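Reader: I've got a model open and I'd like to talk it through with you. Could you show it first?

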Amino acid sequence: MPDLDQAQMLKKTPAGYKAYTAEMMTPQGVAVTPDYVIVSAYDHQRQGNSILSIMDKRTGRHLKNIILKGRPHVGGITYDPEHDLLWVCGRKKARAQLFAIKLTTIGQYPADQPQKPIQYQYSTLLKSITRASLVSYHDGALWVGYFNIFGDSNVQSFQVSAVIKGREKVGVKLTARNIRSNELKSEQRWQVVDKIQGLTFSDTRAYFSQSYGLDDSWIYVFATTGRPQQFTPEKALLKIRMPAHLEQITLDGNPLYAVFESGAKAYALNAKTRIGRVVSFDIDTLVKEAKQNDDAKAQ
């Protein structure tokens, strides 16, 4: 991840957008498209805009940064292959938000000296969830999660078709009078493990990343057949131990991609292991080794 120690971006001033070099970027989300690996990050010093780092999927070469509007935490991003959109978690008017950018718009965004943030194609407020901490596309729906430190987190699903038809229109200023009519309710809600950072799906499994502070992170594995009503620790098929500071995970077939915020300057000094790269794992190997470890402990 090339932007952790120095990222070229913009920051908004009374005179308009100006070039800005951020030195404390914190990575949060990761998404994989047919051509790109994309990482979201925010400026830990809260000066510059949040960004998307675009990397070539085949070579890993950094192509450019996409400047987003404002300074959202961008805790989760996900690729929607049905509509060729990148969905991003945001926040607006103190409410949970999802916004989407077409992959063609990302491809056309200038690599050198951008003058303004990228244009969003869709933007929707979410009524039924406190904060959009993470998001994952699966089976025609956007699964949006709320990170909770002190109790169970929750995940809610929103059909993409409903989000796209959401009543908020990009560019329309929201006021106290019209904001309630622009919020979208979820279709289903699940109780999930606490301290959730990421969520991704295979055909028959759901994988949740859990992390907070300096302790080891975990990936919880659940069956998704039969539409379970909750994803709590006692329902997990398996737990996979991971290094601390694990953030979002996403499956791209077999490879499981992961980002860690231990690579950020804000966390690097206290981190047991600094991981400043997007890491891909063979998911079959991870599951196999975790099962072997469990079997060894049981003997």
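Reader: How many helices and strands are in the secondary structure of the protein?
Author: Helices (H or I, at least four residues) and strands (E, at least two) are DSSP runs here, numbered from the N terminus. Bear in mind that this is a predicted model, where local features need pLDDT of at least 70, side-chain atom pairs count only at pLDDT 80 or more, and totals for chains, interfaces and linings use all residues. Residues are numbered from 1 along each chain as its sequence is written, and side-chain values use heavy atoms, with hydrogens and water left out. The tally is 4 helices and 23 strands.

Reader: What is the radius of gyration of the protein, and why does that count as compact?
Author: The radius is taken over C-alpha atoms, and the globule rule is 2.2 Å times the number of residues to the power 0.38. For 299 residues that rule gives 19 Å, and the protein comes close to it, so it is as compact as a globular protein of that length. The radius of gyration is 19 Å.

Reader: What share of the 299 residues counts as buried?
Author: Buried means under 20% relative accessible area, exposed over 50%, and partly exposed in between (1.4 Å probe, protein chains only). By that yardstick, the buried share is 51%.

Reader: Which strand gives the most to the largest nonpolar core?
Author: A nonpolar core is a set of buried Ala, Val, Leu, Ile, Met, Phe, Trp, Tyr and Cys residues joined through side-chain atoms within 4.5 Å. The largest one has 29 residues, and those with the most contacts inside it are Leu 52, Leu 68, Leu 86 and Ile 106. With 4 residues, the top contributor is strand E4 (residues 36-43).

Reader: Which residues does Leu 86 touch, leaving out those up to four places away in sequence?
Author: Contact means heavy atoms within 4.5 Å. Among the partners are Leu 52 and Ile 106, which also appear with Leu 86 among the residues with the most contacts inside the core. The full set is Ala 31, Ile 38, Leu 52, Ile 77, Thr 78, Tyr 79, Phe 99, Ala 100, Ile 101, Leu 103 and Ile 106.

Reader: How far is Leu 4 from Arg 277, C-alpha to C-alpha?
Author: Leu 4 sits in the segment before strand E1 (7-13), and at 8% relative accessibility it counts as buried. Its contacts include Gly 263, Ala 264 and Gly 276. Arg 277 is 273 residues away along the chain, yet the separation is 9.7 Å.

Reader: Is Asp 139 buried or exposed?
Author: Asp 139 lies in the loop between strand E11 (134-138) and strand E12 (141-146). Its phi is positive, about 55°, although it is not a glycine. Most residues other than glycine have a negative phi. At 64% relative accessibility, Asp 139 is exposed.

Reader: What is the relative accessible area of Asp 84?
Author: Asp 84 is in the loop between strand E7 (77-80) and strand E8 (85-92), with a positive phi of about 55°. Asp 84 is partly exposed, at 30%.

Reader: How far apart in space are Val 32 and Asn 49?
Author: Val 32 belongs to strand E3 (residues 25-32) and is buried, with a relative accessible area of 9%. Its contacts include Lys 57, Tyr 79 and Tyr 257. Asn 49 is 17 residues away in sequence, and the C-alpha to C-alpha distance is 22 Å.
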